[in-house]
Structure formats: C-alpha cells, structure tokens
Amino acid sequence: MYIKTLTIQGFKSYRDQTAIEPFSPGHNVVVGRNGSGKSNFFAAIRFVLSDAYTAMSREERQSLLHEGVSVTTTLSAFVEIVFDNSDGRFPTGKDEVVLRRTIGLKKDEYSLDKKSVQKADVMNLLESAGFSKSNPYYIVPQGRITSLTNAKDYERLALLKEVAGTKVYEQRRSESLRVMEETKAKQAKIAEVLLYIQERLDELEAEKEELKEFQEKDKERRCLEYSLYQAELSEISQALEEIEDERRQEVMNAEQRRKEFGQREKQIEKLEQDIKSMKQQLSLSALTKQGYDDEMDDLVRSRTEVQCVIEDLAQANEKGQEQREHLEEELEGVLRRITEVEAELMEVVPDLQDRTREEKEQKRRLDEDQARLDALGLKQGRMAHYTSKSERDKFLKKEIASIEGYEKSQAKAIEETQAELTASQNRLQEIEQKAEEVRQTLDDRRERMRVMADEYNTLKDENARLTEQRKELWREDAKLESTVSHARDELRTVERALAGMMDKDTGSGLRALDSIVKRLGLEEHVYGPLYKLLEIPDRKYNTAVEVTAGNSLFHVVVDTDATAGRIVDVMMRERTGRLTFIPLNRIHPKPVVFPEAGDAIPLIQKIKYDAKLDKAFQQVFGKTCLCEDLNVAAAYVRSHNLDTITVLGDKVDRKGALTGGFHSNKSRLEVINAVRTWTDKYTEESERLAEVKAAIVQIDQRIAKVVGDTQVLTAKRNQAQSSRDPLAYQATELHREREALAERIERLEGSLADLEGEASSAKARKVALKQELASPLVNSLSNEEVEEMHQLGKAIEVAQKQLVDLSRRRSELASRRNLLDIELNESLLRKRE
C-alpha cells in the first residue's frame, strides 16, 4: 500500500486544485525553496490521516482555508488521497482507495470512494490498515527526530513503551485495580444489608404469631356483626319496600306533573310567541297607520286644492261651455264655409280663365276689324287727296315702313312683356309650391302638437300610476323592514341561546365553518353539523335523541378525512375555534341486532336524514334502542347488550352506567329548530325586502325616465309652438306676395293682350297698305270694299257690345275670385287656426 495521488484545493497556500502525482511505491522526497508549500503539503497529508486536526474552533478552521489575494473568498477546502490497495491492506476489496476530507467554516466531512462516511468509519478503516492512534509515529513531523535525540531517559522509556504498545496494558491494569477496590466496598455494603435483613426477619416472625391470634378474634367478631346486620337488613328491606312503593307512586305523580308542567310551558311559549307576533303586527299596523295618515293628509290637502280648482273650473266652465259651443259651431261653420269657398273657387277660376281667353280673342278680332275699317277709310280719303299713283305709293311705302318699325318695337315690347310674364308665372309657381310646403309643414306641426299632447297626457298618467306604485312599495318596504328587524332580533336571541349550549371553541368553529368551506370551494364535500342534517317528525322524541347524541350534535359530517384536514389546517392557522369531524370514509359502524318487540324500537327509526349520510347516523344513533321505561331498558341491556334510552331521556349504558333525571324543556334540538325556523324566515323576508328595494329603485328609474321624457316633450312642444309663429308669418307673407304676383301677372297679361292687339292691328294695316300699293289709283272704293266697310261697321258695333259684356263678366268673376280668395286666406283659414 502506498499513496498514488494527492489532490489539494483551498487548503492553506493551495488556492486552486492541485493534483500531485505520481508517487513511488518506495521513497518520495519533496524539495523546494522556502515558502514553496512543502510544510503545507505535509500538513495536508496529516490533515487526512492523523488526528492532529480534530475539535477545531472557527478560527482554527478559518486558518486552514486559503487566505491569499484573490477576487473570491475561499469558503471550503479539501484534501484527497488516492491509495494503492493492491496488497489489500484496506479491507475494501478494491485496488484503489480514495479518501477525502472537506472542511469549511461550519462543516468537516469525510468521503470514502466518493461516498460520504462518518469520521469513526474512517478511523476504523485507518486502524485496520495500521494507522493506530496508540502509535502515532507513522507520521514523523519536522523537529520530532531532534526532540527524540535530546530527550531524557524517562522520556525515551515512555516513547519506547508507546512504540511497543505496553502503555495500553498499564492503563488496563490500573483500571482493573480500580474495579477491584470498588468490588470490595460493595461486598462490605452487602454484608451490612444481610445483617439488617436477618434482624428484620426475627421481628416479623414475632408479628406473625400476633397476627394469627388477631385473625381468630376478628373472625369471631365478624360472625357476631353478621348476625346483627342480618337482623337490621330484614328490617331495612321491609322499610325499603314500603319506601319503594311510595317512590313509584311519587314517580307516577311527578311524571304526570312533569307532563302538565311541559304543557304549561308550551302554552306559555305559544302565548309569548303570540304576544311577540301581536307586537310585531301592532308595530306594522302603527307603521301602516302612520303611512296612511301621512297619505291621508296629502290626499286631504290635494282634495282641498282640487276642490278649489274644480270650483274655479266649474265657474269657468259655465262661462266657457257656451263659448266652447259657440266656437265649435263657429268652427263647424268656418270649415263648412271653407269647403264652400274652395268649391266655388274651383268653379270660378276656370270660368274666369275662359272669360279672359274669350275677351282676348274678341278684342283681337275687334282690333283686326277696326284696323281693316280704318284702312278702308284712309284709302277712301287718300283717293281724294292724291292725284297721281306715284305720290300715293310714296306715301304708302312710307306708312308701311313706319308700321314695320312700329311692329319691331311692339315685337320687342311683346317679348319683354312675355319674358316678364313668364318670370312672374315661374315665381308665382315657386311661391305657391313654397306656400304649399309651409302649409304642409304647419299641418305636420299641428299633427305633431296633437301627438305630443297625447304623449304628454300619457306620460302624466304613467307618472301618476308609477307614483302610486312607489307609494305602495314604500309601505311594503316599511313593513318588511320591521319584519326583517324582528326576525333578525329573534334569530340573534336563539343563536345566543344555542351558543350558550356549547363550548366557546365549538361555537367559534361553527361560525367560521361556512366561510372556510366557501373559500376552499368544499361545498360539495362538507355536509354540515349533525344537527342541521336530521329531522324528528315527532317532538316527543327530542329529549331521547338529544341525550343519545350529546355533543355529537355539533360534530361536522364530511366526505373524507382529507377534507377535514384541510379545514383543520385553516382553523389552526387562523385560530377560529375547534371542531370535531365525522369523515364518512373512516367510519364503519357494525350492524346491531335489535329485539323484535313492541316495547323496544331502534332510535334511528324516529329520525329522518339523507340516505347518503347513513354511516354517520348509524355511528351516533345506530346502537341505541328506545324503551318505555327504565326497567324495560335495563332488561334489554342485560339481554341484548344494547344502549337503551327512554322517551324522557333516562339512559342505560351497556357498560352498566345509568343516566337520568330532570331535563329542561329548553332542549338544544328545540333551539336548533327555532334557529332553523327564524333563519328561513329571516332569509325569506330579506330576499323579499331586497326584491322590494330593487323594485323601488326600478320604479324610481322609470319615474325619472318619465319625468325626463316629460321635460323633453315639453321642450319639444315649446319649440314646436315657438317655431309655428314664424311659419304662420311666412305663410302670410307668401300669400301676400302671391296676391301681388297674381295682380302683376294679370296686368302683364292685359298689357300683353293690348300689345298683341296693337301688333295685330298694325299687321292688318300693313296688309291693307300693301294691297293698296299693289292696286291702281282710283277715285272711289269698289262696291266690294264699300260693302265690306258696311259689314265691318256692323260687326265692330256688335263686337264692341260683346267685348263690353265679356269684360264686365270677367271683371265680375275676377272680383268674385278675389273676394273668395281674401275670405279664404285672410279670414277663414286664420279662424280655423
């Protein structure tokens, strides 16, 4: 065996990992300059193999770590030695043994072949290889040889003893001598004890003789006492039988009195409940009366105001009724007159147009005939005035040229008049179209005003209806507030009573249970306390069930123990009390055989519960039988080894214990039922109260919306009313402008007719002058022309008469149309509005 490799890291001057190899199986010499690390190399080997570095303090550990100049701080160091174990000196069965020691500020660890081991194991391994603590000279440090050569004789003798191993035997000899001395001391003590025991035996022998004599006398005494006691027992037994008969009679009487007392207490409770109910109803009635009184005051005030308004309206109605009837009759007459006027206008306007057209045609023909007659008269005068044809022709040509110039000027005037007439007609058409639009707009506004008036009345009715609904809801809200307050007070009372029937920690745990279950999401896994999971149809069994269950009534049923563990962890962390859980997966109640008799009924048959919770109820109630009285109960306990209980709560345990006595009528189950009843009532009334408050909020929102709609509608009505006056003014202005244009068109049409007549006369004169220009100059008119003049004179006379009649008729129709138009627009339509 020899060292093959030495690896050092972080140890003294060796900061980085340094592996030193190979080593010779024989001798190895380490040489180097001062400070090169020779001593630290030797110290690293001693650090692993010797016990020189044991029980070191923190400062001594720090001194072994590298403390040179570096960026990082060395927190641990190790030295690893690899031995060649080919000779099997180390009993490991391997050719190599790797031994490492790691040291830090707080740790000192060994590892063997890359596995962590204890220091004792390493020391034992080294002992087996010859590295013994009793012979520490397998490593000779520097200066040891010098100290040996300079040692004295007795020191050398001690060294030789250590090397030879005799020191161990001297130590063992000293230890053996010490043990022998202790043994001699113990022998002396044992001799003293034996002497004391012998003396004590002699004393006990004397006491034994005295005891035998005492036992004989005591036996005689007990015989005499038995005779006396037997006589007394006979007397007392007879007295007990008499007392038992009296007790049974008193028990029967007490039972009867107890029943009467229970009935009286129930009657008192019922009367107290009735009194509370009556007080609640009285409070509600007072609130209702107060509401009705307030509403009555409002109604009386409103009735007084309405009566005053009705009286005012009645007085106004007497005056306004006649006026209304008169106005209605007048409106009916106006509407009828409007219809008549419009119908008459529809007749007059076409007739006026026809008469105007006939008058124009008649005037045109008259002008033509007059022009022809004037031409013939001028021709006749020129025959006497001119002596030669050339002179006449010159004059005629001049006249023709003058007429042609006049025709041009007339044509231009006709064109201008016609253009102005066309523009006026177009403008009139535009005004009539615009007037029609304004009239349609006014009709639309009138219809909108009517619709808005209907909507306003509807909204007003809706507001009144919603206000009445809100008043009803307010009254119901006041009633429900009182009811909920009463239910809350009663619930708190019974909850305080229930809390007083259990310990403080259990009450705190039950109060915190629901919130914990909700936070953990265990609603499907936690079924609740046992008292919430059962129902007893017949109240007379309440006492028996309560006594049987005891504090188990407040145990919480869960599906598994894991669920219970999670809840318990939260309760311990938050310090919210203590609870006992019944995990269904952990309980396995054994089946019980009950007697088949009418006076012994399984108690669990008197309880209603969910079938999935059967294991929990079997665990609590499944081993108890309900009996008529204590004698029957005790008999079934002896015969069937059951727990039995009576209706009154007297219990006989199968182990022999008997529990009974008076039970207060204020049982926990009745308080629990009261808690359940008031909880349901409080929840129901609270939900109804929330619904009523939500309905009030909705009604308020609807009223606010109706009021807002009413305000918006009022603004729209005011806006429509304010915008109607400009439209009416615009309609009046358009009517006036239309009348002005109609008059202008009529004037332009007359001017145009005159211009056309003059143009026609000029044309006829020009034609006659041209005909005369083409004819020879004669002294007199021809017979045909004379006849024509005669006929034209007669025709002109007739035509003038007809023109006068047509003009008169047209004037009458125009006047009639104007009168009708004025009556319709200025009077009738305004009256209708």
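In the predicted model, Glu-225 has a relative accessible area of 27% and is therefore partly exposed. The side chain of Glu-225 forms a salt bridge with that of Arg-221, with a nitrogen-to-oxygen distance of 2.5 Å. Both residues belong to helix α6, where a spacing of 4 residues places them about one helical turn apart. Arg-221 is likewise assigned to the partly exposed class, because its relative accessible area is 38%. The pair does not stand alone: Asp-218, Arg-221, Arg-222 and Glu-225 are joined in a network of salt bridges.

Helix α6, which spans residues 166–385, also contains Glu-207. This residue takes part in a patch of negative charge on the surface, in which Glu-207 is gathered with Glu-209, Glu-210, Glu-213 and Glu-216. The relative accessibility of Glu-207 is 41%, so the residue counts as partly exposed. That value also satisfies the requirement for patch membership, because a patch residue must have over 30% relative accessible area.

Salt bridges were also examined across the structure as a whole, and the search finds 25 of them. One of these joins the side chains of Glu-468 and Lys-471, with 4.0 Å between nitrogen and oxygen. The two residues are 3 positions apart in helix α7 (residues 389–499), and about one helical turn therefore separates them. Glu-468 is partly exposed, since its relative accessible area is 37%. For Lys-471 the corresponding figure is 25%, which again means partly exposed.

A further salt bridge connects the side chains of Glu-476 and Arg-688, at 2.5 Å from nitrogen to oxygen. Glu-476 is located in helix α7, whereas Arg-688 is located in helix α14 (residues 668–774), so this pair ties together parts of the chain that are 212 residues apart in sequence. Glu-476 is classed as partly exposed because its relative accessibility is 26%. Arg-688 is given the partly exposed label on account of a relative accessibility of 33%.

Two buried residues were then considered. Thr-624 is part of strand β11, which comprises residues 624–627. With a relative accessibility of 3%, Thr-624 is counted as buried, because the limit for that class is under 20%. When residues up to four places away in sequence are left out, Thr-624 is in contact with Thr-548, Phe-594, Pro-602, Leu-603, Asp-643, Thr-644 and Ile-645.

His-555, by comparison, is placed in the loop between α10 (542–549) and β8 (556–558). Its relative accessibility is 19%, and His-555 therefore also counts as buried, given the limit of under 20%. Leaving out residues up to four places away in sequence, the contacts of His-555 are with Gly-528, Pro-529, Leu-530, Thr-580 and Ile-582.

The individual residues can be set against the protein chain as a whole. The chain has 15 helices and 14 strands. Of its 833 residues, 30% are buried. Among contacts with a separation of 6 or more, 75% are made by residues 24 or more positions apart. The accessible surface of the chain amounts to about 54,800 Å², and carbon and sulfur atoms contribute 52% of this area.

Definitions and conventions: Residues numbered from 1 in each chain as written. Predicted model: local features only at pLDDT ≥ 70, side-chain atom pairs only at ≥ 80, totals over all residues. Heavy atoms only, no water. Patch = residues over 30% accessible without salt bridge, like charges linked within 9 Å, V, L, I, M, F, W, Y side chains within 5 Å. Areas by Shrake-Rupley, 256 points an atom, 1.4 Å probe, with all protein chains shown as cover. Lys, Arg positive; Asp, Glu negative; His and termini not counted. Charge placed at Lys NZ, Arg CZ, Asp CG, Glu CD. Buried < 20%, exposed > 50% of the residue type's maximum accessible area, 1.4 Å probe, protein only. Contact = heavy atoms within 4.5 Å.
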